[in-house]
Each structure stands twice: as C-alpha cells, then as structure tokens.
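Trainee: I'm new to this one and would like a close look at a single part. Could you pick a residue and walk me through its surroundings?

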Amino acid sequence: MTTTKKLWIGLVILALLSPLGLIIPALFGAGGAWGEWGLEEIKKLIGYVPQGMEKQGELWKAPLPDYTVPGQGKGLFGESVGYVLTAVLGAALTTGFVYFFARMLARKSGRK
C-alpha cells in the first residue's frame, strides 16, 4: 500500500471520528467541547470576558458555524452528520490548497 493511500485512509478515519467531540461530552453531561467556547461561555466560566477577546471576538464569522450544514437534521445523529460533512469539506479544501500551492512552487522551480 502506498504512503498516499495510507494518508487518505487515515484522513477518512479521522473525519469519521470527528463526532466523538460531540458524542463524548453528551454522554458525560460535560457541555461543549473544550476550547470551543463563545464569549458568553467564557463569561460563565471565568466571570468576565478579557478585553482583547471581547474586542476581537466578533471579527471572524465562521462559514459553517457550529459545524452545521444547511438542511442538517436535529439531535445527536444530525449533528454528528454535520461534523463529518464539515470535516470532509475542510479536508478537501485543505488538500486542494496544498495541491495548488505545491503545483505553483514546482512550476517556479522548473519541475513539473
């Protein structure tokens, strides 16, 4: 098996495992995933929102907030499907960018 094929298999496995970040906290009643807190959750956790975080908090709007896709079902299964789909989309976009830039660099250096 080639290294590239092994990498693709690993990427697919990671995409399929991505809902664990949603399922495990739900099983243990732990709330949201660690580090994915909004400003309201930060305030609830530590009692205030740091000034810089409050200032920059609304600067970036995620294209698929909360790992949701249009038409996604509700509940744990629907949210898990959203996690997998956004993982696949993110991996595809990242792979496409890396491939594009690698081709550009190869052309600049004279290799094809």
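**A close look at Thr86**

Mentor: Sure, let's take Thr86. Leaving aside its neighbours within four places in sequence, Thr86 is in contact with Leu64, Tyr67, Thr68 and Val69. Keep in mind that this is a predicted model. To place the residue, look for helix 5, which covers residues 75–108, and you'll find Thr86 there.

Now, is Thr86 buried or exposed? Its relative accessible area is 13%, and since buried means under 20%, Thr86 counts as buried. Its side chain has a polar partner too: one of its polar atoms lies 3.0 Å from the backbone oxygen of Tyr83.

For contrast, swing over to Ile9, which sits in helix 1. Ile9 has a relative accessible area of 37%, so it's partly exposed, a label for values between 20% and 50%. Ile9 also belongs to a nonpolar surface patch of about 960 Å², along with Met1, Ile13, Leu14, Leu17, Leu20, Ile24, Leu27 and Phe28. Helix 1 (3–17) and helix 2 (20–28) each give that patch at least two residues.

How far can you lean on all this? The protein chain has an average pLDDT of 84, and 97% of the residues reach at least 70. Helix 1 has the highest confidence, at 89, while helix 2 has the lowest, with a mean of 82. As a rule, predicted coordinates shouldn't be read in detail where pLDDT is low.

Key
Residues are numbered from 1 along each chain as its sequence is written. This is a predicted model: local features need pLDDT of at least 70, side-chain atom pairs count only at pLDDT 80 or more; totals for chains, interfaces and linings use all residues. Side-chain values use heavy atoms; hydrogens and water are left out. Helices (H or I, at least four residues) and strands (E, at least two) are DSSP runs, numbered from the N terminus. Buried means under 20% relative accessible area, exposed over 50%, partly exposed in between (1.4 Å probe, protein chains only). A polar contact is a pair of N or O atoms within 3.5 Å; within protein, one must be able to donate a hydrogen and the other to accept it, and residues adjacent in sequence count only if both atoms are side-chain atoms. Contact means heavy atoms within 4.5 Å. Patches are made of residues with over 30% relative accessible area and no salt bridge: like charges are joined within 9 Å, nonpolar side chains (Val, Leu, Ile, Met, Phe, Trp, Tyr) within 5 Å. Accessible areas come from the Shrake-Rupley method with a 1.4 Å probe; for residues, only the protein chains shown count as cover. A salt bridge is a side-chain nitrogen of Lys or Arg within 4 Å of a carboxyl oxygen of Asp or Glu. pLDDT is the predictor's confidence in each residue, from 0 to 100.
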